Amino acid sequence: MTASSGLDLTTAQRTLDSQPFSRLLGARVTAFGEGAATLEIDVRAELHQQNGFLHGGVLSYAADNALTFAGGTALGPYVLTGGFSIQYLRPATGRTLRARAEVVHAGRRQAVVRCDLHTLDDDGTATLCAVAQGTVLPVSVP
């Protein structure tokens, strides 16, 4: 998913929009290319867990997609998450969730990608709430 492969931010957003679950969450790709991708979700009440924090599943979703989009910049447009781990550092509160992923290493068969997840307050203050790391794999399409 690099500019050289004909894919750009607009194409990345179109790809994300083709995922019904991503549309349900209102996710958007705000940066894409050169080994990195950023995904954002506006925080709203229905995405909270019982204590009023953003649900961990939403953070995991954001990490998974950001990791995969970033990996796609190195491996091409047909990729899947091979696996990832996430560490929750503090409860996620704020107005916007931002997941920024960057390729750490890419080979022919996989990319290792790291993702930092921040929440943004009304004034734009960013608070790190989780980190994730995973592998992204190229896949053949029929």
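Here are a few worked exercises on this predicted model.

**Exercise 1. Work out whether Val58 is buried or exposed, and find its contacts away from its sequence neighbours.**

Start with the address: Val58 sits in helix α3, which covers residues 56-75. Next, check the accessibility. Val58 has a relative accessible area of 8%, and buried means under 20%, so Val58 counts as buried. Now look for partners, skipping anything within four places in sequence: Val58 is in contact with Ile41, Leu47 and Leu97. Finally, take one of those partners and check the backbone. Leu47 is 11 residues from Val58 along the chain, and their C-alpha atoms are separated by 7.1 Å.

**Exercise 2. Describe helix α1: which residues are buried, what covers them, and what caps the N-terminal end?**

First, pick out the buried positions. In α1 (residues 9-17) these are Thr11, Ala12, Gln13 and Leu16. Then ask what lies over them: the cover includes helices α2 (20-25) and α3, plus strands β1 (28-33) and β2 (36-42). Last, go to the N-terminal end. The cap there is Asp8, with a side-chain oxygen 3.2 Å from the backbone nitrogen of Thr10.

**Exercise 3. Characterise the largest pocket by volume, lining and residue class.**

Begin with the volume, which comes to about 160 Å³. Then go to the lining: 10 residues line this pocket, and the closest to its centre are Gln19, Thr68, Phe69, Val79 and Leu80. Which elements contribute? Both α3 and β3 (79-88) supply at least two lining residues each. Sorting the lining by class gives 5 nonpolar and 5 polar residues, with no charged ones.

**Exercise 4. Follow up on Thr68, one of the residues closest to the centre of that pocket.**

Thr68 belongs to helix α3. With a relative accessibility of 13%, Thr68 comes out as buried. Leave out residues up to four places away in sequence, and Thr68 touches Val79, Leu80, Thr81 and Val136. Val79 and Leu80 are also listed among the residues closest to the pocket centre. For a backbone check, try Tyr78: this residue is 10 positions from Thr68 in sequence, with 9.8 Å from C-alpha to C-alpha.

**Exercise 5. Compare the surroundings of two other threonines, Thr73 and Thr38.**

Take Thr73 first. Thr73 lies in helix α3 and is buried, at 5% relative accessible area. A polar atom of the Thr73 side chain lies 3.0 Å from the backbone nitrogen of Gly35.

Now Thr38, which is in strand β2. Thr38 is buried too, with a relative accessible area of 9%. Beyond four places in sequence, Thr38 touches Arg28, Val29, Thr30 and Ala31, and also Arg98, Ala99 and Arg100.

**Exercise 6. How many disulfides does the structure have, and why are Cys115 and Cys129 not bonded to each other?**

Recall what we're after: a disulfide is a covalent bond between the sulfur atoms of two cysteines. Searching the whole structure turns up 0 disulfides. For the reason, go to the sulfur atoms. The closest cysteine sulfur to that of Cys115 is in Cys129, 9.6 Å away. The cut-off for a disulfide is 2.5 Å, so the pair is too far apart for a bond. Starting from Cys129 gives the matching result: its closest cysteine sulfur is in Cys115, at 9.6 Å. As a last step, check accessibility: Cys115 is buried at 0%, and Cys129 is buried at 0% as well.

Notes. Residues numbered from 1 in each chain as written. Predicted model: local features only at pLDDT ≥ 70, side-chain atom pairs only at ≥ 80, totals over all residues. Heavy atoms only, no water. Helix = DSSP H or I, 4+ residues; strand = E, 2+ residues; numbered from the N terminus. Buried < 20%, exposed > 50% of the residue type's maximum accessible area, 1.4 Å probe, protein only. Contact = heavy atoms within 4.5 Å. Polar contact = N/O pair within 3.5 Å; in protein donor to acceptor, adjacent residues only side chain to side chain. 1 Å grid on protein atoms, 1.4 Å probe; cavity = no way out; pocket = protein on both sides within 12 Å on 5 of 7 lines; lining within 4 Å. Points joined across faces, edges and corners; volume = space filled by probe spheres on them. Nonpolar A, V, L, I, M, F, W, Y, C, P; charged D, E, K, R; others polar.
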